[in-house]
Amino acid sequence: MGTIAGQILTGVLLTVAVLVAVAVGVALLAWTPLSDASLHEPRRTSRTRTRRIFHHAIRWARQLLLTARQRWASTGLGFPVSHVVRHPARLVVVGFAGAVLLGTALLSLPWATESGHGPPVVTALFTSTSAVCVTGLVIEDTGTYWSLFGQIVILALIQIGGLGIMTLASLLGLLVARRLRIRLQLGTQAETKALGVGHVRRVVVGVLRISLLMEAVVAVALTWRFAVGYDIGLTRSTYLGIFHAISAFNNAGFGLYADSLVRFATDPLICLPIAAAVIIGGLGFPVLLELRHELSHPRHWSLHTKITVGSSLVLLALGWVVFTLTEWSNDATLGPLSTPGKLLAGFTAAVMPRTAGFNSLDIAGMNDVTLAMTDMLMFVGGGSAGTAGGIKVTTFALLGFVVLAELRGEPSVHALGRKLPAGVQRQALTVVLLSITAVAVSTLALLALTPFGLDQVLFEVTSAFATVGLSTGITAHIGTAGHAILIVLMFVGRLGPITAVTALALRERTRRYERPEERPLVG
């Protein structure tokens with residue numbers, strides 16, 4: 001047990017090192033959250049030794065980066081990085097890409113696998129992307145293929161992806177210098193959907209507190225259940241509890257059991273804490289921050305919170321009813337279970353498309369109606385600016401209000417007593433159309449590259465794009481080209497279609513004049 005405890009301690013230290021490395025990298029990419037004045041200000045006697053070490057490390061790293069920039073510029077080739085990260089959305093994309101590459105490098109090490117041999121590059125890249133994008137799709141089983149070192153790396157990548165790259169960089173800036181530079185604030189605002197630059201500090205601290213609190217509560221509950229209910233040693237139970245708690249709250253869906261939660265399908269003390277973490281994490285950090293202060297005053301909730309909470313409850317209830325009824329007599333899923341077990345497993349199955357990836361039922365054994373319903377729930381996803389994927393429930397609800405207003409013949413769109421700006425309507429329509437296009441094109445490509453049917457391929461593609469992680473079992477068998485398609489889908493799905501397109505755009509254009517208006521026929 002001492003050896004296992006030592007390995008876990010090593011893994012925890014590695015997790016912290018990976019988190020700090022990514023945060024430092026993004027902070028330096030944004031030309032550090034430290035100002036020159038803060039680097040050279042007189043040391044206060046109350047400053048801790050740790051903070052001084054951080055100061056020296058940041059100063060050294062910044063000087064190294066500036067030197068590299070000057071040498072690159074002297075070659076006449078320019079320094080394209082500054083142009084890439086000039087736009088906040090591009091900075092977010094570059095940060096996530098850097099985390100994926102760092103994770104790939106760590107997972108490619110020989111001691112990252114149980115066999116002691118480095119995994120194929122595609123396997124390491126796929127797993128790293130799935131972890132950073134909090135998806136949960138895997139080529140190899142997490143609990144048996146990867147060593148403790150590899151599992152800790154995956155866990156660190158999940159936490160990085162869940163909190164957000166810019167959020168981590170901002171936390172580092174607040175820790176070291178107690179202030180943030182404007183570029184880092186803009187990047188964090190784009191990632192967390194903060195109302196304004198002035199709210200970034202409060203949002204970042206709030207995100208960290210909520211994440212750690214929820215993960216700790218769920219980890220304690222799961223640790224107790226694993227230790228008492230399944231007679232697993234305390235050290236192993238603690239590790240299982242922490243891993244599944246972090247994976248659940250960040251909607252990642254990575255598990256240490258080959259059958260995910262199937263063996264715990266009728267255990268409410270395992271399924272319900274994980275489901276609660278998935279639901280809360282899937283609401284999005286803006287909603288959680290608001291509910292923390294206004295939970296007992298629904299009338300004071302913002303429009304975004306009302307739509308997110310209301311839509312989430314409706315979709316959760318609808319999924320629970322549909323899944324339970326359609327699978328009630330299916331011998332491959334709910335059929336052999338008792339009535340309480342069926343209700344619990346049906347509820348868990350309805351929660352996971354929100355977008356976790358744990359499954360307490362055999363996905364491959366579900367009937368076509370359940371698979372189609374799961375596709376729809378995965379595509380919609382969870383709340384904005386959180387750990388969930390999909391087009392987001394707010395986007396789905398906004399389009400519903402647009403359709404309702406059009407059917408009524410109203411000149412403007414209203415939702416819950418508020419008028420919706422035309423720009424928001426266009427954004428919702430753009431997200432949906434881009435998402436449908438990405439899913440449709442990827443589905444056609446995989447149909448051409450693999451021998452699997454439409455239902456399995458569509459399920460896999462939707463799961464990857466919506467960063468869910470549920471699978472009918474074909475992930476490991478779609479070939480290198482198929483894995484490359486899923487990697488791109490997970491990355492684009494995590495960042496959002498609009499963020500990805502904006503980050504890749506060469507420049508922004510402002511229309512300085514309008515064309516004559518003409519109305520084409522519709523329908």
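Colleague: Which helix does Val-393 lie in?

Modeller: Val-393 lies in helix α18, which covers residues 393–408. Bear in mind that this is a predicted model.

Colleague: Okay, and why is Val-393 called buried?

Modeller: The cut-off for buried is under 20% relative accessible area. Val-393 has 0%, so it counts as buried. As for its surroundings, Val-393 touches, beyond its neighbours up to four places away in sequence, a list of residues including Ile-307, Ser-311, Leu-315, Arg-354 and Val-380. Gly-383 is also among the residues it touches. The C-alpha atoms of Val-393 and Gly-383 are separated by 5.8 Å, with the two residues ten apart along the chain.

Colleague: What makes Thr-129 buried?

Modeller: Again, buried means under 20%. Thr-129 comes out at 2% relative accessibility, so buried is the right word. Thr-129 sits in helix α6, residues 121–132. Leaving aside residues within four places in sequence, Thr-129 is in contact with Val-100, Ile-487, Met-490 and Phe-491.

Colleague: What does the side chain of Thr-129 reach, and how do you know that this is a polar contact?

Modeller: The side chain of Thr-129 reaches the backbone oxygen of Leu-125 at 2.8 Å. A polar contact needs a pair of N or O atoms within 3.5 Å, one able to donate a hydrogen and the other to accept it, so 2.8 Å passes on distance.

Colleague: Let's turn to the helix pair. Why are α19 and α20 called oblique?

Modeller: Helix α19 (residues 422–449) and helix α20 (residues 454–465) pack at about 135°, with their axes 9 Å apart. Roughly antiparallel would take an angle over 145, and roughly perpendicular runs from 65 to 115. The angle of about 135° fits neither range, so the pair is oblique. The crossing of α19 and α20 is right-handed.

Colleague: Which residues meet there, and how do they divide?

Modeller: From α19, the residues include Ala-438, Val-439, Leu-446 and Leu-447, and from α20 they include Leu-454, Val-457, Val-461 and Phe-465. The residues of this contact divide into nine nonpolar, four polar and no charged.

Colleague: One more. Why is Leu-416 called partly exposed, while Asn-251 is called buried?

Modeller: Exposed needs over 50%, buried needs under 20%, and partly exposed is in between. Leu-416 has 49%, so it is partly exposed. Asn-251 has 0%, so it counts as buried. Leu-416 is in the loop between β1 and β2, and Asn-251 is in the loop between α12 and α13. Neither is a glycine, yet phi is positive at about 50° for Leu-416 and about 55° for Asn-251.

Key. Residues numbered from 1 in each chain as written. Predicted model: local features only at pLDDT ≥ 70, side-chain atom pairs only at ≥ 80, totals over all residues. Heavy atoms only, no water. Axes fitted to C-alpha atoms, helices over the stretch in contact; angles between N-to-C directions. Helix = DSSP H or I, 4+ residues; strand = E, 2+ residues; numbered from the N terminus. Parallel < 35°, antiparallel > 145°, perpendicular 65-115°, else oblique. Left-handed = near helix turned anticlockwise from the far one by under 90°. Contact = heavy atoms within 4.5 Å. Nonpolar A, V, L, I, M, F, W, Y, C, P; charged D, E, K, R; others polar. Buried < 20%, exposed > 50% of the residue type's maximum accessible area, 1.4 Å probe, protein only.
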